[in-house]
Amino acid sequence: MDRFNLTSKQKVIFDYIKSYFTQHGITPTQKEIGNAVGIAQATVAKHLSSLEKRGWIKRAQGMKNAMRILS
């Protein structure tokens, strides 16, 4: 698990997820993340996979905004 080696875009996405969760009590959808940081949903999905592999988040399968922040 490589928890501290995030790209700048992954850091922006992770920070957005944390901020959104603090404000709304749920995590954002991939579409909301993409709109907020200016990237396509497919790119968001790749970044979320990297964040999960590195131990920053845990996603639930089949749910559009079900993830847990681990850090």
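Start by colouring the whole chain by burial: of the 71 residues in this protein, 28% are buried. Keep in mind as you look around that the model is predicted.

**The whole fold**

Now switch to a cartoon view. You should find three helices and two strands, and following the sequence from its beginning gives the pattern α-α-α-β-β. The radius of gyration is 11 Å, close to the 11 Å that the globule rule gives for 71 residues, so the protein is as compact as a globular protein of that length. Taken along the principal axes, the C-alpha atoms fill a box of roughly 25 × 25 × 20 Å. If you display contacts with a separation of 6 or more, 54% of them join residues 24 or more positions apart.

**Helix α1**

Select residues 8-24, which form α1. How far apart are the end C-alpha atoms of α1? They are 24 Å apart, in agreement with the 24 Å that 17 residues should span at 1.5 Å a residue.

Next, show the side chains of Q10, I13, F14, I17 and Y20, the buried residues of α1. They cover an arc of only 130° around the axis, which puts them on the same side of α1. There is a general reason to expect such patterns: an α-helix has 3.6 residues a turn, so residues three or four places apart point the same way.

Turn the helix around and you will meet S8, T22 and Q23, which are exposed on the other side of α1. Back on the buried side, the packing partners are α2, α3, β1 and β2. Before leaving, look at G25, which follows α1 and has a positive phi, near 80°.

**Helix α3**

Move on to residues 41-53, helix α3. At 1.5 Å a residue, its 13 residues should span 18 Å, and the end C-alpha atoms are indeed 18 Å apart. Here the buried residues to select are V44, H47, L48 and L51. Their arc around the axis is only 105°, which puts them on the same side of α3. Among the elements that cover them are α1 (8-24), α2 (30-37), β1 (57-59) and β2 (67-69). The face turned away from the buried side carries the exposed residues A42, K46 and K53. Just after α3 comes G55, with a positive phi of about 90°.

Pause at H47 in α3. Is H47 buried or exposed? Its relative accessibility is 17%, so H47 counts as buried, the cut-off being under 20%. Not counting residues up to four places away in sequence, H47 touches T7, K9, Q10, I13 and I39.

**The nonpolar core**

Now select I13, F14, I17, I33, V37, I39, V44, L48, L51, W56, I57 and M67 together: these 12 residues make up the largest nonpolar core. Helices α1, α2 and α3 each supply at least two residues of this core. In soluble globular proteins, nonpolar side chains tend to be buried together.

For one view from inside the core, centre on I13. Leaving aside its neighbours within four places in sequence, I13 is in contact with I33, V37, I39, H47, L48 and L51.

**The aromatic pairs**

How many aromatic pairs does a search of the whole structure find? There are two. In one, the ring centres of F14 and W56 are 4.9 Å apart with the planes at 65°, so this pair is edge-to-face. F14 belongs to helix α1 and W56 to the loop between α3 and β1, so the pair ties together parts that are 42 residues apart in sequence. Both F14 and W56 are buried.

For the other pair, select Y16 and Y20: the arrangement is tilted, 5.8 Å centre to centre with 50° between the planes. These two are four residues apart in helix α1, which separates them by about one helical turn. Y16 is partly exposed, with a relative accessible area of 23%, whereas Y20 is buried at 12%.

**Last stop: I69**

Finish in strand β2, where I69 lies. With 25% relative accessibility, I69 counts as partly exposed. Beyond its neighbours within four places in sequence, I69 is in contact with F14, I17, K18, F21, W56 and I57. Then draw a distance from the C-alpha atom of I69 to that of R59: the two residues are 10 apart along the chain, and the separation is 8.9 Å.

Notes. Residues are numbered from 1 along each chain as its sequence is written. This is a predicted model: local features need pLDDT of at least 70, side-chain atom pairs count only at pLDDT 80 or more; totals for chains, interfaces and linings use all residues. Side-chain values use heavy atoms; hydrogens and water are left out. The expected span of a helix is 1.5 Å times one less than its number of residues. Buried means under 20% relative accessible area, exposed over 50%, partly exposed in between (1.4 Å probe, protein chains only). The arc is that of the directions from the helix axis to the C-beta atoms. Contact means heavy atoms within 4.5 Å. Rings of Phe, Tyr and Trp (its six-membered ring) pair if their centres lie within 6.5 Å; planes under 30 degrees apart count as stacked, over 60 as edge-to-face and the rest as tilted. A nonpolar core is a set of buried Ala, Val, Leu, Ile, Met, Phe, Trp, Tyr and Cys residues joined through side-chain atoms within 4.5 Å. The radius of gyration is taken over C-alpha atoms; the globule rule is 2.2 Å times the number of residues to the power 0.38.
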